[in-house]
Amino acid sequence: PSRLENTTAILPIAYGSIAFYLGPQSDEYHTHKWTLYLRSPDPNFDLGKAISKVVFQLHPSFSVPTRELTEPPFEVTESGWGEFEASIRIVWRDEAEERSTILTHGIKLYPNRAAPSADPASYMNTTVPVVSEKYDEVVFTNPKLEFHSMLLSA
Ligand code: SLL
């Protein structure tokens, strides 16, 4: 009954990965250090107000592939050797009465090479990270009144 009618609420989100090549500190299984994250593109909005937890699902080669975070920053930092597709499940706060949102993100360790002849120095670089970020908007249809007003408050 407390759902608003003919209303949509929109929550902008940004998610992605940032990866650094480890250079001389590399070993066979740890060539890169990366962070997979979910954040608000609006620095004044605290995503923690809307989210009860974020579950990051990593590749099964990680010893603990499921990582749950109940407060910001919603991110996981790891070291590894390969690119893979991770999933990010957002569980909204109970009072929202919304189904969870599932995102996927390909963790990118290597930059796009312009040409096969590209200088390896351009991707074997320990100071320039490889960033892959997406911007998206979660749409809540006929949201609960309290959830809607919370999303509108900065
Ligand atoms: C594949 N793309 O499809 C590869 C999988 C998995 C990467 C890459 C584990 C690190 C660790 C890691 O980096 N896995 O064991 O700590 O086969």
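This passage describes a four-stranded sheet and the surroundings of a ligand in a predicted model.

Because the model is predicted, local features are reported only where pLDDT is at least 70 and side-chain atom pairs only at pLDDT 80 or more, whereas totals for chains, interfaces and linings use all residues. Residues are numbered from 1 along each chain as its sequence is written.

The model contains an open sheet of 4 strands in the order S5-S2-S1-S8, with antiparallel pairing; strands are DSSP runs of E of at least two residues, numbered from the N terminus, and two strands are taken to pair if DSSP finds at least two bridges between them. Strand S5 (74-80) and strand S8 (130-141) form the edges, each pairing on one side only, and the twist from one strand to the next averages 15°, where axes are lines fitted to C-alpha atoms and angles run from 0 to 180 degrees between N-to-C directions.

Strand S1 (residues 8-21) pairs with S8 in the antiparallel sense over 12 bridges; within this pairing, Pro12 has Glu137 of S8 as its bridge partner, and Ile13 stands opposite Asp136 in S8. Strand S1 is also joined by 8 bridges to strand S2 (residues 32-39), the two running antiparallel, and here Ser17 stands opposite Leu36 in S2.

Around the ligand are Tyr29, His59, Ser61, Phe62, Gly80, Trp81, Gly82, Glu83 and Phe84, a residue being counted as near if its C-beta atom, placed from the backbone, lies within 6 Å of the molecule. By class, this shell comprises 4 nonpolar, 4 polar and 1 charged residues, with Phe, Trp and Tyr counted among the nonpolar residues, Glu among the charged ones, and Gly among the polar ones.
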